Amino acid sequence: MQLPGPAERLERRVAECDAAFVEAVARLAADGTIDDADRVVVQAELRACLRPAFTGQHLWAAAGLSALTVVTVIGYLAHPHWLTRRRRLRRIDPKAAPALVGELDRLSREAGLARTPRWLLAPRRRTAGGQAFGLPRRRCVQLDAGLVLLRRTDPPAFRAVVRHELAHLRNRDVDLTYLTVAVWWAFLAVAVLPRLVLALFPGLVGLPSEPLGRTALRTLVSLLVMTALVYGVRNVLLRTRERHADAVAAAHDPHDDALARVLARLPPPRRWYSRWGTHPLPADRLRTVRDPRAPLVSGYGALAAAGLPAGTLTADLSVTVGLRLGLDEVLGLGLLGLFVGAGLGALLALTLWQNAVARVDETRRVPLWFGGPLVLAAAFLTGTLLSLHRINSGLAGIGELGSWLVAAAVLAAGAVLLGAWMDATARAADAGDRPRRWAAPAAVTATALVAGTAFTVWLPLAEITYGFALRPGIGPATGPEWYATIATIVGGKLGPAIRIVFHPLTLPVLTLLWLVPVLAARRRADVASPLRRAVLVGLCTGAVAAGAAPALHLLAPLVLPVGVRSTPPPGTAGEPYVTVIGNSVIAVGSLAVAVAVLVPALGRGPLRPAGAVLAAVVSGLLAGGGYFLLGVPAYCLADVTDPGWCLPVPSAAEISRITHWIVVQGVLVAAIPLVIAATATALRPVGRRDEDAGPADRGMLATRRGQRAAIVVLAVVLVVTAWLTWEMLPLAGEYWRVIGGG
């Protein structure tokens, strides 16, 4: 909700800029076709016109965030003083109770704390509980009066409760806990209360007072949804901290069931909504004590708690940086997607790595690597629907709803594939035993980069109706019907393909997807076989694609007359023959890459995702090389209808572009069967999922010469990949500048 003056000025400015934009477009259209240069100029003028109008909006947003930050910091710094005064806590004097303080200090040292906390007594609290709080270097532990009495009647139970509170200090979650609580109260004070007052009493700021109308109802609904989301996230974090503390306390003395007895005496929840409170249910805490590995895994609750607010904030921020402001809409949304995707990808990777460490997937009916990504994607998409922007605008129509469903399916499929890769990487690194120290950070970083790169493409297209549609190619200028059908098929483009091709991080993230698991694997003997097999599959499929390039050029004159293969006159509609035959070579190369992906991926062993990506890269590099080294000379030898086309030597940028097209299209083609295979694997019975063992090496793969050859191929792949990425940078910059209107 905006104040009357700024809102009116904003509306007037937007109307003026829109009118100027429409007039400029109409003037250019009257002169002829609008090219990319004209589009850049017109959008730059629109941005320059709108920028002063939205400066105030950005200042208001910055002021709100600053106020939220200040109130949060104040609340966090004040919480020790607030708790001490409210509960009338007093320090336990070592001279008055030397035995009690001595035992508490001993428990603190056993917990591994470098600094003993201040022991405070809550004389008016009769419960047998405690609470850890305080600022860094001044931690405190509150002991209720009932807990001190419990020391005489049940000393093991007393020690168990104290160990639980000391575990909060050992886990370093006190700051996170009270920062979370401070954010909650700051959100209520800064974000909810002012908007609620303005919605119910608009006359306070000069807005016309009226009965509760549609605008006010939408505001109230959005406030309710956002409050519920923030409250739910807060409680999930607090419940997770409690389970971690239970696990640490139980693991400290595994032969003592005192903590289990204390938890068993806790009363069951009286109301249904108590399960969503700040503490886990007693039954859940008992399961944590019996299996201390379980709380190491954040699980579905944490993923949902992160996905919901991330989706809500992303949808609302997209209004500021996205299409509706005309301020570098694609670039703005891409940058937003980079940060959001990287954050969600890192969270998913951490969760799956913890799951591998705890080995709790061995008993799950649906493994976390499959269900977790789906929950995260579903929570994110639900959060976008619950955002203020979506509540106020709604879905425009069935077409937009259909596009949203397609975008949702693409997001879910990508999340599942990324989850499968992360789980396989963790198993290859033997995360449940003794992984390399850098393995977890490297895997999490790689996942974050892959997810961020994918989100830079997904988020802008998700805002566009039919952004993920498959667009058929343009038919040829002339030729038989079967030729026209082939031209339409090979010239088709999937919505996100072109943006992935012209992305500077495409080949680097693909390199990380095969390089990180290979380097992180603990047993080198288990690496050699799948690595060499992937190289062999890539070389074979790439060689087939490279050989198909000259074959297509040499066979085309046998089935197509000269008139079809000739350059059409200027102004003729349809694709020329040289474009159709080039697209055909690219399509064959993409199919070869898809086969190269599927053969290792459908095999066995934890390194099969890495092998699939490596095989795809090797196959794509060979197919791209065959396009130019074999296909272009064959075209010149077989057809002289356009001899000028054969004269120029292909530039490095063109080689990079074609190779990117082959690799990207092949990976996208293989994505659907990969998702189906991942689903089938995840839904298998638990006892049939162990596929870590791979087939034994045979023939040349088992020889030392074969190993050296594979290493040489990998070195060449890394060098060529780096070179192609370097050559793609100018093309990517130009492409994103044009589509962003910059």
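The exercises below work through a predicted model of one protein chain, each with a solution in steps.

**Exercise 1. Describe the overall make-up of the protein chain: how many helices and strands are there, and what share of the residues is buried?**

Step 1. Begin with the secondary structure, where the protein chain shows 24 helices and six strands.

Step 2. Turn next to burial, for which the count runs over 742 residues, with buried residues making up 45% of them.

Step 3. Finally, consider how contacts are spread along the sequence: of the contacts with a separation of 6 or more, 80% are between residues 24 or more positions apart.

**Exercise 2. Work out the strand order of the open sheet, and find which strands stand at its edges.**

Step 1. The open sheet is formed by four strands, which follow the order S1-S2-S4-S3, and their pairing is mixed.

Step 2. The edge positions belong to S1 and S3, and because each has a single partner strand, one side of each is left without a neighbour in the sheet.

Step 3. Within this sheet, look at S3 and S4, which pair in the antiparallel sense over six bridges; Gly134 stands opposite Arg139 in S4.

**Exercise 3. Locate two residues that have a positive phi although they are not glycines, and describe the setting of each.**

Step 1. One of them is Arg88, with a positive phi of about 55°, and its place is in the loop between helix H2 (36-86) and strand S1 (90-91).

Step 2. Another is Arg137, whose positive phi is about 65°, and this residue sits in the loop between strand S3 (130-135) and strand S4 (138-144).

Step 3. The loop that holds Arg137 belongs to the hairpin of S3 and S4, which has two residues between the strands.

Step 4. To decide whether Arg137 is buried or exposed, take its relative accessible area of 68%; since exposed means over 50%, Arg137 is exposed.

**Exercise 4. Follow helix H6 from end to end, asking how far it reaches, where it has a kink and which of its residues are buried.**

Step 1. Helix H6 covers residues 174-200, which is 27 residues, and from its first C-alpha to its last it reaches 38 Å, close to the 39 Å expected at 1.5 Å a residue.

Step 2. The kink, of about 35°, lies at Val192, shortly before the proline Pro194.

Step 3. Val192 is also one of the buried residues of H6, and others in that list include Tyr178, Trp184, Ala186 and Phe187.

Step 4. From Ala186 one can look across to Val70, which is 116 residues apart from it in sequence and 8.6 Å apart in space, C-alpha to C-alpha.

Step 5. Val70 is found in helix H2, and with a relative accessible area of 47% it is partly exposed.

**Exercise 5. Identify the residues that touch the most other members of the largest nonpolar core, and the helix that gives the most to this core.**

Step 1. The largest nonpolar core has 72 residues, and those that touch the most other members are Phe380, Trp458 and Leu614.

Step 2. The helix that gives the most to this core is H15 (residues 439-462), with 12 residues.

Step 3. Apart from it lies another core, of 31 residues, among them Trp119, Leu120, Cys140 and Leu169.

Step 4. Cys140 has a relative accessible area of 4% and is buried, whereas Cys540, at 43%, is partly exposed; a search of the whole structure finds zero disulfides.

**Exercise 6. Compare the surroundings of Glu242 and Gly624, setting aside neighbours within four places in sequence.**

Step 1. Glu242 lies in helix H7 (residues 214-252), and its relative accessibility of 11% is under the 20% limit, so Glu242 counts as buried.

Step 2. The residues in contact with Glu242 are His164, His168, Thr278, His279, Pro280 and Arg285.

Step 3. Gly624 has its place in helix H22 (residues 608-638) and is buried, with a relative accessible area of 0%.

Step 4. Gly624 is in contact with Thr659 and Ile662, while its C-alpha atom is separated by 7.6 Å from that of Ala546, 78 residues apart along the chain.

Definitions and conventions: Residues numbered from 1 in each chain as written. Predicted model: local features only at pLDDT ≥ 70, side-chain atom pairs only at ≥ 80, totals over all residues. Heavy atoms only, no water. Buried < 20%, exposed > 50% of the residue type's maximum accessible area, 1.4 Å probe, protein only. Expected span 1.5 Å × (residues − 1). Bend = angle between axes of the 7 residues up to and from the residue. Core = buried A, V, L, I, M, F, W, Y, C linked by side-chain atoms within 4.5 Å. Pairing = 2+ DSSP bridges. Contact = heavy atoms within 4.5 Å. Disulfide = S-S within 2.5 Å.
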